[in-house]
Amino acid sequence: MWKSLKQGLNSPYTVENQVAIIYAGSKNLLRNVPVNKVKEFEKDFLDYLNNKHRATLDALKAGKLDDSITDIIEKAAQEISAKYN
């Protein structure tokens with residue numbers, strides 16, 4: 001989990017991206033992702049959410065976290081992590 005909290009110097013994640021990553025990690029949704037591929041997963045996961053579920057990230061930014069949002073995060077994480085199986 002700690003690997004997913006590392007951020008590049010001068011390129012911090014937005015709050016909504018941090019929440020999405022931390023949620024996925026805390027729910028064990030990265031269990032199929034090898035440690036050396038966590039950064040790649042994060043990039044793919046965040047790109048996917050930003051491109052296909054921007055409204056979900058906007059809701060996270062506004063402080064909203066409900067079942068509909070967590071369902072989207074979980075499905076996205078499962079879909080992206082499947083490529084590491």
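Let's start at asparagine 28, which counts as partly exposed because its relative accessibility is 43%, and the window for that label lies between 20% and 50%. Keep in mind that this is a predicted model. Where along the chain are we? Asparagine 28 sits in the loop between H1 and H2. Its backbone has a quirk, too: phi is positive here, at about 65°, although asparagine 28 is not a glycine.

Stay in that loop for a moment, since valine 33 also has its place between H1 and H2. Is valine 33 buried or exposed? With a relative accessibility of 8%, valine 33 counts as buried, because the cut-off for that word is under 20%. To see what surrounds valine 33, skip its neighbours within four places in sequence; among the rest, it is in contact with Val38, Phe41, Ser81 and Tyr84. The fold also brings in a residue from further along the chain: asparagine 85 is 52 residues away in sequence, yet its C-alpha atom and that of valine 33 are separated by 7.5 Å.

Two of those contacts lead on to the next stop, the packing of helices. Two packed helices are described by the angle between their axes and the distance between the axes. For H2 (residues 38-52) and H4 (residues 67-81), the angle is about 130° and the axes are 10 Å apart. That makes H2 and H4 oblique to each other, and their crossing is right-handed. Which residues meet there? From H2 come Phe41, Asp44, Phe45, Tyr48 and Leu49, while H4 offers Ile72, Ile73, Ala76, Ala77, Glu79, Ile80 and Ser81. Sorted by character, the residues of this contact are nine nonpolar, one polar and two charged.

Now for helix H3, residues 54-61, where Thr56, Leu57, Ala59 and Leu60 are buried. Looking down the axis of H3, you'd find these buried residues within an arc of 155°, so they line one face of the helix. There's a simple rule to have in mind here: an α-helix has 3.6 residues a turn, so residues three or four places apart point the same way. What covers the buried residues of H3? The cover includes H1 (15-26), H2 and H4. Turn to the face of H3 that points away from its buried side, and you meet the exposed residues Ala55 and Lys61.

One last stop comes just after H3, where glycine 63 takes a positive phi of about 95°.

Terms used. Residues numbered from 1 in each chain as written. Predicted model: local features only at pLDDT ≥ 70, side-chain atom pairs only at ≥ 80, totals over all residues. Heavy atoms only, no water. Axes fitted to C-alpha atoms, helices over the stretch in contact; angles between N-to-C directions. Helix = DSSP H or I, 4+ residues; strand = E, 2+ residues; numbered from the N terminus. Parallel < 35°, antiparallel > 145°, perpendicular 65-115°, else oblique. Left-handed = near helix turned anticlockwise from the far one by under 90°. Contact = heavy atoms within 4.5 Å. Nonpolar A, V, L, I, M, F, W, Y, C, P; charged D, E, K, R; others polar. Buried < 20%, exposed > 50% of the residue type's maximum accessible area, 1.4 Å probe, protein only. Arc of directions from axis to C-beta.
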